[in-house]
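Please open the model in your viewer and keep the selection panel at hand. The tour below goes from stop to stop, naming what to select and then what is there.

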Amino acid sequence: MKVGRNDPCPCGSGLKYKKCCLGKEKKNYEDMEAVYLKKYGIRLKHRKDIEAIKRAGVIAIETLDLVESKIEIGMSTDEINRLVHEFTVSKGAVPAPLNYRGFPKSVCVSVNEVICHGIPGDRVIRDGDIVNVDVTPILDGYYADASKTFIVGNASEEARKIVAVAKESLKRGMAQAKPGNRIGDIGWAIQSYAESEGCSVVREFVGHGVGFKFHEPPQIPHYGRKGEGITLIPGMVFTIEPMINLGKRHLKILDDNWTAVTADGSLSAQFEQTILVTEDGYESLTPYEL
């Protein structure tokens, strides 16, 4: 039940809510906000920030929906880049990956054995490929980050398995994003599930705070121990983006200094959403069905 400012305070003091616990709650939040910024470098988001990230999130999801409707056998990864770039700009946004630390394209497109940061180019999508598309639009100075792995054509049983495990891994990680839980709970949920399915979790790349910048504190590992790490509190916004390998977790970086591939050549899949910790759980700011 929502308590109005002029209602009796639920604590039973006999005072109006605005004269009692409302002020205390506001002060407690301000105190925690200052502690998290000083101790961890984490900038909590306020309502106006959250609404702005949501608007960027709408563009992110619309972009992924567009790619899903257009992706096909014979399409080059550079065509996906062009599609994403043109759509993002048409919405008044800017693609964050473009020129980020020298990244030359507007989107990361990672096919089959590519774990992440695939640079779009001449590679042609073939029947049975799995293709991760990772988008980050900037709208009015705010960032939203999301990705999906698409199955193109008639995929193998192994390809379908790794996509399903990656999707469920994100779902289980998101379920741990609630006040009082710790960052380690997210990684524990993902790692314990993925490994129970005979898959592995990439450790070199993690989720991250997002919103004011492309990458902010805290880091969100997709492996870990339950009960360890920073305590989650309302106002935290970060990505959860587990990268799950069908084989071993190890990787190598190609000569372009960006593209990460599985060391054993096995398939890799990833799903990502931008998550807000709320008073009683979480809200996805880039929501799509899992």
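Begin by selecting Lys19, which counts as exposed at 64% relative accessibility, where buried means under 20% relative accessible area, exposed over 50% and partly exposed in between (1.4 Å probe, protein chains only). Before going further, note that this is a predicted model, in which local features need pLDDT of at least 70 and side-chain atom pairs count only at pLDDT 80 or more, while totals for chains, interfaces and linings use all residues. Residues are numbered from 1 along each chain as its sequence is written, and side-chain values use heavy atoms, with hydrogens and water left out.

Lys19 lies in the segment before helix H1 (21-40); helices (H or I, at least four residues) and strands (E, at least two) are DSSP runs, numbered from the N terminus. Add Arg5, Lys16 and Lys18 to the selection, and you have the residues that form a positive surface patch together with Lys19. Such patches are made of residues with over 30% relative accessible area and no salt bridge, like charges being joined within 9 Å and nonpolar side chains (Val, Leu, Ile, Met, Phe, Trp, Tyr) within 5 Å.

Next, select helix H2, residues 47-70, whose 24 residues reach 35 Å from the first C-alpha to the last, close to the 34 Å expected at 1.5 Å a residue; the expected span is 1.5 Å times one less than the number of residues. Colour its buried residues, among them Asp49, Ile50, Ile53, Gly57, Leu64 and Val67.

Stay on H2 and show the side chains of Glu51 and Lys54, which form a salt bridge with the closest N and O atoms 3.8 Å apart; the term stands for a side-chain nitrogen of Lys or Arg within 4 Å of a carboxyl oxygen of Asp or Glu. Both residues lie in helix H2, 3 residues apart, about one turn of the helix. Glu51 is partly exposed, with a relative accessible area of 30%, and Lys54 is partly exposed as well, at 24%. If you add Arg47 and Glu283, the selection shows a network of salt bridges that links these two residues with Glu51 and Lys54.

Now select Glu68 and Lys148, whose side chains meet in a salt bridge (3.7 Å, N to O). This pair links distant parts of the chain, with Lys148 in strand E7 (residues 146-151) and Glu68 in helix H2, 80 residues apart. Lys148 is buried, with a relative accessible area of 12%, whereas Glu68 counts as partly exposed at 43%. The structure holds 10 salt bridges.

The remaining stops concern the backbone. Most residues other than glycine have a negative phi, and most peptide bonds are trans. Select His117, in the loop between strand E3 (114-116) and strand E4 (130-135): His117 has a positive phi of about 60 degrees although it is not a glycine, and it is partly exposed at 23% relative accessible area. Then move to Asn257, in the loop between strand E13 (251-253) and strand E14 (260-262), where phi is near 70 degrees, again a positive value in a residue other than glycine. Asn257 counts as exposed, at 65% relative accessibility.

Where does the tour end, and is the peptide bond from Pro217 to Pro218 cis or trans? Select both residues and display the backbone: this bond is cis, with omega near 0 degrees, and Pro218 is found in strand E10 (residues 216-220).

Note on methods
Accessible areas come from the Shrake-Rupley method with a 1.4 Å probe; for residues, only the protein chains shown count as cover. Lys and Arg count as positive and Asp and Glu as negative; His and the chain ends are not counted. The place of a charge is taken as NZ of Lys, CZ of Arg, CG of Asp or CD of Glu.
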